[in-house]
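The following exercises concern the sheet and the helix packing of one protein chain. Each task is followed by a worked solution.

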Amino acid sequence: VIFDSSLEASKLVAQEIANLIQLKQELNETCVLGLATGSSPIKVYEELVRLHKEEDLSFYNVVTFNLDEYYPMDKSNIQSYHYFMHEHLFNHIDIVPENINIPDGTVSNEELHQYCIDYEMKIKAYGGLDFQLLGIGRTGHIGFNEPGSHLNSGTRSITLDHITRVDAASAFLGIDNVPRKAITMGIGTIKNAKRIVLLAWGNNKAGILQKSIEGEITGNIPATYLQEHNNTTFVLDSEAAQEL
Ligand code: GLP
């Protein structure tokens, strides 16, 4: 779906999420959201905060699982996804703190493998993700599933692609400060979500979006795996869609 403005698009995506949360409330069910970081979802979070403050949207029945986190990474670090999520969403809504799940960049190397298995199991224990919000990296990564990621991969630690580290360099005041590793949900984890919405704005994403949407399915561009999912929408602004 192509919109003239990312603001208009973000408001509609936020409304879809709000409708799902409220439907689950009527059914007395938990709403399990997979959430993303980066610049792309910021306006969706702003609109969800507005709906909470001005239109009584409650998050009491919401459980969240974030896609990824740099590794190693302290939670208090302003570059952490932990910090990002609290700053843009969790500090401003009535979500139960125990219902927030973000991969923990402070677990030890020895515990990391088991930690990832437990994260995956926790998502499954809730019956999987009802809704997964995604951005896309210039490598075609979703979460931090870089080129070469397997279709059935689960939550695990990965090595970041050089292009991804270049793109993160300004936030870290230089590429040398960008972590080399991250924890990410897998392609398999994401593809098990009942509904997926990928957001992308601006012309620097146009090339990878053309390949992701119209190109052949390949592990070299992990976002192409979404072509096989039966309930995925790419929500783009006109600049991001200019090579389609
Ligand atoms: C990071 C995140 C991704 C995100 C991507 C794009 O690599 N791990 O989940 O989709 O950045 O970020 P942006 O939305 O800022 O373009």
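**Exercise 1.** How many bridges join E2 to strand E3, and in which sense do the two strands run?

*Solution.* The model is a predicted one.
- Step 1: E2 and E3 (residues 62-66) are joined by five bridges and run parallel.
- Step 2: As a reference pair for the register, take Cys-31, which stands opposite Val-62 in E3.

**Exercise 2.** Determine the strand order of the sheet and identify the edge strands.

*Solution.*
- Step 1: Seven strands make up an open sheet, and their order is E1-E10-E9-E6-E2-E3-E5, with parallel pairing.
- Step 2: Strand E1 (2-3) and strand E5 (100-101) are the edge strands, since each pairs on one side only.
- Step 3: Within this order, consider strand E9 (residues 196-200) and strand E10 (residues 232-237), which pair in the parallel sense over five bridges. Here Val-197 stands opposite Thr-233 in E10.

**Exercise 3.** Establish how many residues of strand E2 are buried, and which way they point.

*Solution.*
- Step 1: A residue counts as buried if 20 or more other C-beta atoms lie within 10 Å of its own.
- Step 2: In strand E2 (residues 31-35), five of the five residues are buried, so the strand is largely enclosed by the rest of the structure.
- Step 3: Cys-31, Leu-33 and Leu-35 point one way, while Val-32 and Gly-34 point the other way; all are buried.

**Exercise 4.** Characterise helix H2 by its span, its buried residues and what follows the helix.

*Solution.*
- Step 1: Helix H2 (residues 42-55) has 14 residues, and the distance from its first C-alpha to its last is 19 Å, close to the 20 Å expected at 1.5 Å a residue.
- Step 2: Its buried residues are Lys-43, Val-44, Tyr-45, Glu-47, Leu-48 and Leu-51. An α-helix has 3.6 residues a turn, so residues three or four places apart point the same way.
- Step 3: The buried residues of H2 pack against helix H1 (6-26), helix H3 (81-88) and strand E6 (131-134).
- Step 4: After H2 comes Asp-56, with a positive phi near 65 degrees.

**Exercise 5.** Classify the packing of H1 and H2 from their angle.

*Solution.*
- Step 1: The packing angle is about 55 degrees, and the axes lie 8 Å apart.
- Step 2: Angles under 35 degrees count as roughly parallel and those of 65 to 115 as roughly perpendicular; H1 and H2 are therefore oblique to each other.
- Step 3: The crossing of H1 past H2 is right-handed.
- Step 4: On the H1 side, the contact residues include Ser-6, Leu-7, Ser-10 and Ile-17, and on the H2 side they include Lys-43, Val-44 and Leu-51.

Notes
Residues are numbered from 1 along each chain as its sequence is written. This is a predicted model: local features need pLDDT of at least 70, side-chain atom pairs count only at pLDDT 80 or more; totals for chains, interfaces and linings use all residues. Two strands pair if DSSP finds at least two bridges between them. Helices (H or I, at least four residues) and strands (E, at least two) are DSSP runs, numbered from the N terminus. The expected span of a helix is 1.5 Å times one less than its number of residues. A residue is buried if 20 or more other C-beta atoms lie within 10 Å of its own, exposed if 12 or fewer, and partly exposed in between; C-beta atoms are placed from the backbone. Two residues are in contact if their C-beta atoms, placed from the backbone, lie within 7 Å. Axes are lines fitted to C-alpha atoms, for helices over the stretch in contact, and angles run from 0 to 180 degrees between N-to-C directions. Angles under 35 degrees count as roughly parallel, over 145 as roughly antiparallel, 65 to 115 as roughly perpendicular and the rest as oblique. A crossing is left-handed if the near helix is turned anticlockwise from the far one by less than a right angle, and right-handed if clockwise.
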